[in-house]
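Me: I've got the sequence and the model open, and I'd like to go through the labels with you. For each one, tell me what it rests on.

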Amino acid sequence: MKNILETKLALNISAAILLKKGQISTMDIRSLPFLSRDFNVSVVVNSLLRLYDAELICHKISSKPFLKWGETIRLKRKPPEQLTQ
Amino acid sequence: MSTMRQKKKADKTKALRAKIKDIEKKLNEKLTELQKSRDNNACFPLLMGESSIVNAVVDDTFEELRLKYKSCDGKINVIVDSGGGDIDAAYNLANLFRKFGSKELHFIVPRWAKSAATLLVCSGDKIFMTPVAELGPLDPQITEFNPLEKRLESFSPLHVEATLELIRKEFADGNEKLANGLMERLQFPLTLGSFTKSLDISEQYLIKLLSSRMLKNDLEKAKQIAKQLTTGYADHGFSINVDEAKQLGLNVTELADDELDLIWNIHKLSREISGLEKKIREGQLSEIFEGLPPELLSQLPIALRKRIMPNKQSEGGGKQ
C-alpha cells in the first residue's frame with residue numbers, strides 16, 4: 001500500500017515538474033526526498049513516457065575519473081510557459 | 001528565497017562538490033592500484049549507477065576507448081556496475097570491448113551486472129565476481145499499457161507462455177467460462193507473438209558471444225547456458241551469484257583477499273559519489289518545488305514540506 005501511494009505521489013510531482021520545466025531527469029525523480037531507498041524509478045519514467053508526448057534522452061555528464069551518464073525525460077513540444085518567453 | 005539562505009545553500013553545494021572531487025581522486029588511485037595488480041593491463045570502469053546501457057553509451061565508450069586505451073595492447077579489464085538496458089546496445093558494446101581486448105578481456109563485477117549487462121560480461125574470456133555480485137536472467141522486460149486495467153504493466157515474455165498454459169489447463173479441466181474470460185483479456189495475438197519472439201534475440205546474441213570467446217569450441221555448452229539464462233529462471237530479478245554462475249558453466253572466479261578489498265573499495269567510492277550527487281540535486285529540487293501547484297504540494301507530509309520548502313512554511317504557506 002505504501003508503495004502504491006509513494007508511486008502515485010512520485011508520478012504526480014514528476015509530471016508537474018515535467019510539464020512546468022519541459023524536462024525532468026531520472027536523477028531528479030530519484031532525489032525526490034520522500035522516496036524510499038529501493039524505490040523503482042523506472043515505473044515513474046515509463047509512466048511519464050506513456051502519459052505525455054515525451055522522449056528519454058541519455059547524455060554524458062562527465063568523463064573524469066570515469067564516464068558518467070544521466071537520463072532526461074523531455075517533452076517533445078515545449079510547454080506553453082516556455083513558448084511565451 | 002532570502003540571500004542568507006541562498007548563500008548557505010550555495011556553500012553546502014560547494015562543500016559537497018569538494019567532497020566529490022576528493023572521492024574521485026581516491027577512486028582514481030584505487031583504479032591505478034588495480035591496474036598494477038593486474039599485470040598493468042588497462043582497467044576500464046563502466047560504473048553505470050542507475051543509467052541504462054543504450055546507444056549513446058556505446059558512442060561515448062567508443063570515444064573514450066579510442067582516446068585513452070589505444071595502447072592497451074589487446075588486454076583490458078572492464079569493471080561493470082549496471083542494472084542492464086537495451087540488449088542491442090549491450091551486444092554492440094560487448095563487441096567493442098572485444099576489439100580492444102582482443103588478446104584478453106576480463107570483466108569484473110563488484111555488485112551488479114544484471115539483464116543486458118549479463119550479456120555484456122559473458123562476452124569476454126573470464127568474469128571475476130565478489131561474493132555479493134549478481135548476474136541476472138536475460139528475458140527482456142516489456143512495459144505495456146493495459147487498456148482494461150488502465151495502468152502500465154511490466155512483464156517478461158515468459159509470462160505470456162505461462163498465461164497461455166494456464167488457459168490451456170482451464171480448458172482441459174472443463175472450466176470453459178474461466179478460460180474464455182482469460183482469453184478475452186489477452187492482448188492482440190501479433191503483439192503476444194512479438195513479445196515471445198524477443199526472447200530469441202537475447203538467446204542468439206548470447207550464443208554468438210559465448211561460443212566465440214569464453215566457450216570457444218563448445219557450441220553445445222553455449223547453447224545450454226543461453227537457454228537457461230533466457231528462459232530457465234522464474235523471475236527477471238533472480239540473483240545469479242558466483243556459485244550459480246559457476247554451476248551454469250560460465251568461466252567465473254570469486255575475488256578474494258587484496259583484490260577483493262580493492263574492487264569493493266572502488267564500488268563503495270562510486271556509490272558514495274552517487275549519494276553526494278543525489279544530495280546536491282535534492283537541494284536544487286526545492287527551488288523547483290516552490291513553483292508547483294499548492295494542491296499537489298499539499299499531498300506531501302507536513303514534515304517533508306517543511307524540509308524542502310522552509311521559507312514557504314515560515315511565510316505561512318502550505319496546507320497543514
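**What the labels rest on**

Me: Where does Pro65(A) lie?

Reply: Pro65(A) sits in the loop between strand 2 and strand 3 of chain A. Those elements are DSSP runs numbered from the N terminus: E over at least two residues makes a strand, H or I over at least four makes a helix. Bear in mind that this is a predicted model, where local features need pLDDT of at least 70 and side-chain atom pairs count only at pLDDT 80 or more, while totals for chains, interfaces and linings use all residues. Residues are numbered from 1 along each chain as its sequence is written, with chains lettered from A and ligands numbered from 1 in the order in which they are written.

Me: What makes the peptide bond from Lys64(A) to Pro65(A) cis?

Reply: Its omega, which is near 0 degrees. For background, most peptide bonds are trans.

Me: How do you know that strand 2 and strand 3 of chain A pair?

Reply: Two strands count as paired if DSSP finds at least two bridges between them. Strand 2 (residues 54–62) and strand 3 (residues 68–75) of chain A have 8 bridges and run antiparallel, so they pass the test. The two form a hairpin with 5 residues between them. One of the bridge partners is easy to find: Ser62(A), in strand 2 of chain A, is matched with Lys68(A) in strand 3.

Me: And strand 1 with strand 3 of chain A: how many bridges join them?

Reply: There are 3 bridges, again in the antiparallel sense, and therefore enough for the cut-off to call it a pair. Gln23(A) has Arg74(A) as its bridge partner there.

Me: What order do the strands of the open sheet in chain A take?

Reply: The order is 1-3-2, with 3 strands and antiparallel pairing. Strand 1 (23–25) and strand 2 of chain A are called edge strands because each pairs on one side only. The twist averages 30 degrees from one strand to the next. Helix 3 (residues 41–51) of chain A packs on this sheet, touching strand 2 and strand 3, and its direction makes about 130 degrees with that of strand 2. Such angles run from 0 to 180 degrees between N-to-C directions, with axes fitted as lines to C-alpha atoms, for helices over the stretch in contact.

Me: Why is Ser62(A) called exposed?

Reply: It's a C-beta count, with the C-beta atoms placed from the backbone: 20 or more others within 10 Å of a residue's own is buried, 12 or fewer is exposed, and anything in between is partly exposed. Ser62(A) has 11 neighbours, and therefore it is exposed.

Me: What about Asp39(B), buried or exposed?

Reply: Exposed, because it has 9 other C-beta atoms within 10 Å. Asp39(B) lies in the loop between helix 1 (3–37) and strand 1 (42–47) of chain B. Its phi is positive, about 50 degrees, although Asp39(B) is not a glycine.

Me: And what makes Asp257(B) exposed?

Reply: The count for Asp257(B) is 7, and so it is exposed. It belongs to helix 10 (residues 257–290) of chain B, and its phi is positive as well, near 50 degrees. Most residues other than glycine have a negative phi.

Me: How do you know that the span of helix 5 of chain B is close to the one expected?

Reply: The expected span is 1.5 Å times one less than the number of residues. Helix 5 (residues 157–172) has 16 residues and reaches 23 Å between its first and last C-alpha, close to the expected 22 Å. Just after this helix, Gly174(B) takes a positive phi of about 85 degrees.

Me: How many residues does each chain bring to the contact?

Reply: Chain A brings 28 and chain B brings 31. A contact here means that two residues have their C-beta atoms, placed from the backbone, within 7 Å. Helix 1 of chain A gives the largest share of its side, 7 residues. By class, that side has 13 nonpolar, 8 polar and 7 charged residues. Asp, Glu, Lys and Arg are the charged ones; Ala, Val, Leu, Ile, Met, Phe, Trp, Tyr, Cys and Pro are nonpolar; the others, Gly among them, are polar.
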